[in-house]
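Hi,

Here is the model I promised to pass along. Have a look at it first, and my notes follow underneath.

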Amino acid sequence: MEREAMSGFAEEKRESTCGFAEGKRESGREKIRELLEDFLQPGFLSAVASGSVSADKMKKLKLRPVLAGGRVRYQAEKWIGNQVFHENMDREAMISFLEELMGPVFRQLQLEAEEKSGSLLVSKKGKATIHVRKKTTPSKAGGKAGADLSGEALRQAWQQGISHNRKKNYILEEGIPVPFLVELGVQTADGQVVHAKYDKFRQINRFLEFIEDVLPKLDRDRESVILDFGCGKSYLTFAMYYYLKELKGYPVRIIGLDLKADVIRRCSELAVRCGYDALSFSTGDIASYEGVERVDMVVTLHACDTATDYALEKAVRWGAKVILSVPCCQHELNRQMESGLFAPVFGYGIIKERMAALYTDALRAQILEYMGYRVQILEFIDMEHTPKNLLIRAVRQGKKKENREEIEAVMEALHVKPTLYRLLMEEDHQD
């Protein structure tokens, strides 16, 4: 009973009737993730989530593979109210997205692949039942799976290395020299990645995948203003400019902001050497910056502690369409958190610190949803390299989420008051 209460899912054996395979006994969450990882592979065709728990949430969800930038992505088609929204995600992000939806939002999921089909049912009590059946005649991915994607094109893309077990296809390719990467010592003059900088190269490409996902939010007909708070040495700032302006041809103006004057000077000089005329850098503080009136996208990477909150507040006040934030050094809640119930756990300093960081970012995400954003929390780069890196991706959708009471209940239970709450919600009495 304790295990069920913790996971929200009862344990159940996989059924083996009518050709269904029998799986090992494991928790419901593990079973769901295993099913998704099994299907979201080369040969995947489609998935449909139905049985919506609440009319106020998603009514239906369809999933299909599409080609984006020569790579296979997974497109979610979401029915919310009377509108349909589309979002492309990589494999890991889509698996996490579906895992979170099954149970709290949808009761049923039907999956189709070329050689098998599967179904997932989640009961009201959280019991997960999974069926997987092999097909006697493998299905072919015929027709259009996207704007320019035929079944044959999809199979060819997978065969060329899209499988997660094969060589990674990066947006910025190895062997092709990029001026700013050469200048910053990530690449050699002939485009080879410097061995000691390979993690940085992977991080840059992972960040560009997040940018690729939000391209539909940027306007091709007018200049989009992008502000990067706490840009530091600006590897990712330059990467963002190169990808959007040089590779994709978007009319953008990007501003990097940091407190360190010497760093800003070097970045400005590099921008001039590379000929990036719509990329500029300024010295300044996040909380007091007033250099622009309109911002379309705000990026804040590793702004320390509450500096992230001030950056998020600025983004919301500007009505930014997209926010990409990688917080760090979340000390504020660690100093505030108190709980009689969790006192034994909080007694271990490192445990309390990590819990405080997770609560901080979860509350930030919920506050952004209250302010009218659709929010995801994603891994920035592989966890084995930088285990503290999470990325908050927020896309403005206008309608506020009615979650104020839930946010304040968590705050009361932990005896905390986050800076972002004070900046955006404390004086908001609309509810």
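Helices and strands here are DSSP runs, at least four residues of H or I for a helix and at least two of E for a strand, and they are numbered from the N terminus. With that numbering, C329 sits in the loop between β14 (322-328) and α10 (332-336). Keep in mind that this is a predicted model.

C329 caught my eye for its backbone: its phi is positive, about 50 degrees, although it is not a glycine. Is C329 buried or partly exposed? Its relative accessibility is 27%, so C329 counts as partly exposed, given that buried means under 20% and exposed over 50%.

D305 makes a good companion case. This residue, not a glycine either, also has a positive phi of about 50 degrees, and it lies in the loop between β13 and α9 (307-318). D305 has a relative accessible area of 12%, so it is buried. There is a glycine with a positive phi to look at as well: G249, just after α7, at about 75 degrees.

While you are at α7 (residues 235-247), check how much of that helix is covered. Ten of its 13 residues are buried. The buried set is Y235, L236, T237, F238, A239, M240, Y241, Y242, Y243 and L244.

Now for the whole chain. It has 14 helices and 16 strands, and buried residues make up 50% of its 431 residues. The accessible surface comes to about 21,200 Å², with 50% of that belonging to carbon and sulfur atoms. If you count contacts with a separation of 6 or more, 64% of them are between residues 24 or more positions apart.

Two buried residues that touch each other are worth a click. S224 is in strand β10 (residues 224-229), and its relative accessibility is 1%, so it counts as buried. Leaving out residues up to four places away in sequence, S224 touches L218, D219, P251, V252, R253 and D296.

That last partner, D296, is found in the loop between β12 (279-283) and β13 (297-304). What is the relative accessibility of D296? The value is 3%, so D296 counts as buried too. With the same sequence neighbours left out, D296 touches R222, E223, S224, V225, A320, K321 and V322. For V322, the C-alpha atom is separated from that of D296 by 6.7 Å, although the two residues are 26 apart along the chain.

Last, a helix pair. Which way do α12 and α13 run relative to each other? The axes of α12 (residues 349-370) and α13 (residues 404-414) come within 10 Å and cross at roughly 155 degrees. Angles over 145 degrees count as roughly antiparallel, so α12 and α13 are roughly antiparallel to each other. Their crossing is left-handed. On the α12 side the contact is made by Y359, L363, Q366, I367 and Y370, and on the α13 side by R404, I407, V410, M411 and L414. By type, the residues of this contact divide into eight nonpolar, one polar and one charged.

Over to you!

Terms used. Residues are numbered from 1 along each chain as its sequence is written. This is a predicted model: local features need pLDDT of at least 70, side-chain atom pairs count only at pLDDT 80 or more; totals for chains, interfaces and linings use all residues. Side-chain values use heavy atoms; hydrogens and water are left out. Axes are lines fitted to C-alpha atoms, for helices over the stretch in contact, and angles run from 0 to 180 degrees between N-to-C directions. Angles under 35 degrees count as roughly parallel, over 145 as roughly antiparallel, 65 to 115 as roughly perpendicular and the rest as oblique. A crossing is left-handed if the near helix is turned anticlockwise from the far one by less than a right angle, and right-handed if clockwise. Contact means heavy atoms within 4.5 Å. Ala, Val, Leu, Ile, Met, Phe, Trp, Tyr, Cys and Pro count as nonpolar, Asp, Glu, Lys and Arg as charged, and the others, Gly among them, as polar. Buried means under 20% relative accessible area, exposed over 50%, partly exposed in between (1.4 Å probe, protein chains only). Accessible areas come from the Shrake-Rupley method with a 1.4 Å probe; for residues, only the protein chains shown count as cover.
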